[in-house]
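Work through the exercises below with the model open beside you. Try each task before you read its solution.

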Amino acid sequence: MVKTIKIKKVSIREKLVVDVDVLMKDPRDYDFSPRASMEGSTISLFNEGDEAPPASIELDSEQMQIAERDRALDLRVKFAVEGMHGILTHKTRQVMTGPNSKKLAEPRWKTILPISM
């Protein structure tokens, strides 16, 4: 289940691109069904079936035109789980020679979401 959704950035490429941080309650929980809706110049993102308040952001006029034209957005999600993704306590001085010299995988997800108006 989703604990919080936080919109980090909204930008324009070919479509409207929304970067989001999602904090999950449990590492074994895979229930994430994002939905997007637009009221006036405010776009809201929420998880289907959750009672949590949606994440909202105001769009400028250019971003609104792109959203109304395509009626879809590119959603880029970075997942985290409360209590698991925190600060490392023991860091290797020279990362190149340490036991964890490779970069760890980051839980990211990308999709195209239709916008309900």
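**Exercise 1. Sort the lining of the second largest pocket by residue class, then find where the lining comes from.**

Step 1. Start with the classes. In this predicted model, the lining of the second largest pocket divides into 8 nonpolar, 1 polar and 2 charged residues.

Step 2. Add the volume. The second largest pocket has a volume of about 200 Å³. Of the 11 residues that line this pocket, M24, P27, D29, Y30 and F79 are the closest to its centre.

Step 3. Look for the main contributor. Strand β6 (residues 72-81) gives the largest share of the lining, 3 residues.

**Exercise 2. Place M24 and decide whether M24 is buried or exposed.**

Step 1. Locate the residue. M24 is in strand β2. M24 is also among the residues closest to the centre of the second largest pocket.

Step 2. Apply the cut-off. Buried means under 20% relative accessible area. M24 has a relative accessible area of 5%, so M24 is buried.

Step 3. Check a contact across the sequence. M24 and E82 are 58 residues apart in sequence. Their C-alpha atoms are 6.5 Å apart in space.

Step 4. Set this against the whole chain. Buried residues make up 32% of the 117 residues in the protein chain.

**Exercise 3. Describe the largest cavity: volume, lining and classes.**

Step 1. Count. The structure holds 1 cavity of 30 Å³ or more. The largest cavity has a volume of about 50 Å³.

Step 2. List the lining. V2, I5, F46, N47, D50, A52 and P53 line the largest cavity. The elements that give two or more residues to this lining are β1 (2-12) and β4 (42-47).

Step 3. Sort by class. The lining of the largest cavity has 5 nonpolar, 1 polar and 1 charged residues.

**Exercise 4. Classify the ring pairs F32–W109 and F79–W109.**

Step 1. Choose the descriptors. A pair of aromatic rings is described by the distance of the centres and the angle of the planes. By the pairing rule, the count comes to 3 aromatic pairs.

Step 2. Take F32 and W109. Their rings are 5.5 Å apart centre to centre, with 65° between the planes. Planes over 60 degrees apart count as edge-to-face. The F32–W109 pair is therefore edge-to-face.

Step 3. Ask what this pair connects. F32 lies in the loop between β2 (16-24) and β3 (34-39), and W109 lies in strand β7 (residues 108-116), so the pair ties together parts that are 77 residues apart in sequence.

Step 4. Compare exposure. F32 is buried, with a relative accessible area of 13%. W109 counts as partly exposed, at 34% relative accessibility.

Step 5. Take F79 and W109. The ring centres are 6.1 Å apart and the planes are at 40°, so the pair is tilted. This pair also links distant parts of the chain: F79 is in strand β6 and W109 in strand β7, 30 residues apart.

Step 6. Combine the pairs. Ring pairs link F32, F79 and W109 into a cluster.

**Exercise 5. Reconstruct the sheet from the chain order and the strand pairings.**

Step 1. Read along the sequence. The protein chain has 1 helix and 7 strands. The pattern is β-β-β-β-β-α-β-β.

Step 2. Put the strands in spatial order. The 7 strands form an open sheet in the order β1-β2-β6-β7-β3-β4-β5, with mixed pairing.

Step 3. Find the edges. β1 and β5 (55-58) each have a single partner strand, so one side of each is left without a neighbour in the sheet. On average, neighbouring strands of this sheet are turned by 30° against each other, direction ignored.

Step 4. Check β2 against β6. These strands run parallel and are joined by 9 bridges. R76 in β6 is the bridge partner of D19.

Step 5. Check β6 against β7. These strands run antiparallel and are joined by 7 bridges. K78 has R108 in β7 as its bridge partner.

Step 6. Check β3 against β7. These strands run parallel and are joined by 2 bridges. S37 stands opposite S116 in β7.

Technical notes:
Residues numbered from 1 in each chain as written. Predicted model: local features only at pLDDT ≥ 70, side-chain atom pairs only at ≥ 80, totals over all residues. Heavy atoms only, no water. 1 Å grid on protein atoms, 1.4 Å probe; cavity = no way out; pocket = protein on both sides within 12 Å on 5 of 7 lines; lining within 4 Å. Points joined across faces, edges and corners; volume = space filled by probe spheres on them. Helix = DSSP H or I, 4+ residues; strand = E, 2+ residues; numbered from the N terminus. Nonpolar A, V, L, I, M, F, W, Y, C, P; charged D, E, K, R; others polar. Phe/Tyr/Trp six-rings, centres within 6.5 Å; stacked < 30°, edge-to-face > 60°. Buried < 20%, exposed > 50% of the residue type's maximum accessible area, 1.4 Å probe, protein only. Pairing = 2+ DSSP bridges. Axes fitted to C-alpha atoms, helices over the stretch in contact; angles between N-to-C directions.
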